[in-house]
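Q: Please take a close look at one part, the surroundings of ligand 2. Which residues are around ligand 2, and how do they divide into nonpolar, polar and charged?

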Amino acid sequence: MVLSTIKNAIKYMVKKPYTRQVPRKDKRYKSENLRGAHILYMDKCTGCSMCQRVCPAACIDMVVVEGDWPRNHRKRFPRIDHSKCTFCALCVEYCPFNALSMTDATGFELFTTDKSKTLKMPQELKPIGKETLTKQKLLSSYAPPYALKKFEKALEKSRKVSSSG
Ligand code: SF4
Ligand code: SF4
């Protein structure tokens, strides 16, 4: 027991740390499911403020962007402060109009020592990485609720009965 503990301690003393060095000192980590910088599809956004309401980090506020926005007569769009954002994706999930998604642009791309650059205006929420997370992808990853599974089973059963009779 003591011997194996000492062995493990020595092993981890000589091992490289798992933590990646940011910015740009280490290889970028990318995956198909990363939750990184947002994309805002301004043509889909209605300015409903749902994203602002559900954001647990209170890092979204609504700002006016002049222009011709047929779906958004008040011209109000979300502005996101990436220095407060936890990248939880609730704003993506709750947007009723699929106007938000996320990309694989994370620490490496977003790193800055200038805090004023972390506040992203709606026009700046453009793809700076590959789109990895959409509302549809999020919802399809959830297991259907038990009641729904039960209902689907009953429906399947009744279909079988009616087709055999
Ligand atoms: S990802 Fe989460 S914390 Fe970031 S803006 Fe959206 S709701 Fe807020
Ligand atoms: S991004 Fe979606 S939830 Fe946020 S204001 Fe626009 S339509 Fe509403």
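A: Ala, Val, Leu, Ile, Met, Phe, Trp, Tyr, Cys and Pro count as nonpolar, Asp, Glu, Lys and Arg as charged, and the others, Gly among them, as polar. The model is predicted: local features need pLDDT of at least 70 and side-chain atom pairs pLDDT 80 or more, while totals for chains, interfaces and linings use all residues. Residues are numbered from 1 along each chain as its sequence is written, with chains lettered from A and ligands numbered from 1 in the order written.

Start with the shell. A residue is near a molecule if its C-beta atom, placed from the backbone, lies within 6 Å of it. Around ligand 2 these are C45, T46, G47, C48, S49, M50, C51, P78, C95, F97, A99 and L100. Nine are nonpolar, three are polar and none is charged.

Now take C95. Beyond its neighbours within four places in sequence, C95 contacts M50, C51, L100 and K135 (contact: C-beta atoms, placed from the backbone, within 7 Å). M50, C51 and L100 are also around ligand 2.

The largest nonpolar core has 17 residues. Such a core is a set of buried Ala, Val, Leu, Ile, Met, Phe, Trp, Tyr and Cys residues joined through C-beta atoms within 7 Å; buried means 20 or more other C-beta atoms within 10 Å of a residue's own. L40, C51, I60, C91, V92, C95 and L100 touch the most other members. C51, C95 and L100 also belong to the shell of ligand 2. β1 (38-40), β3 (76-81), α3 (90-94) and β4 (100-103) each give the core at least two residues. Helices here are DSSP H or I runs of at least four residues, strands E runs of at least two, numbered from the N terminus.

Technical notes. A residue is buried if 20 or more other C-beta atoms lie within 10 Å of its own, exposed if 12 or fewer, and partly exposed in between; C-beta atoms are placed from the backbone. Two residues are in contact if their C-beta atoms, placed from the backbone, lie within 7 Å.
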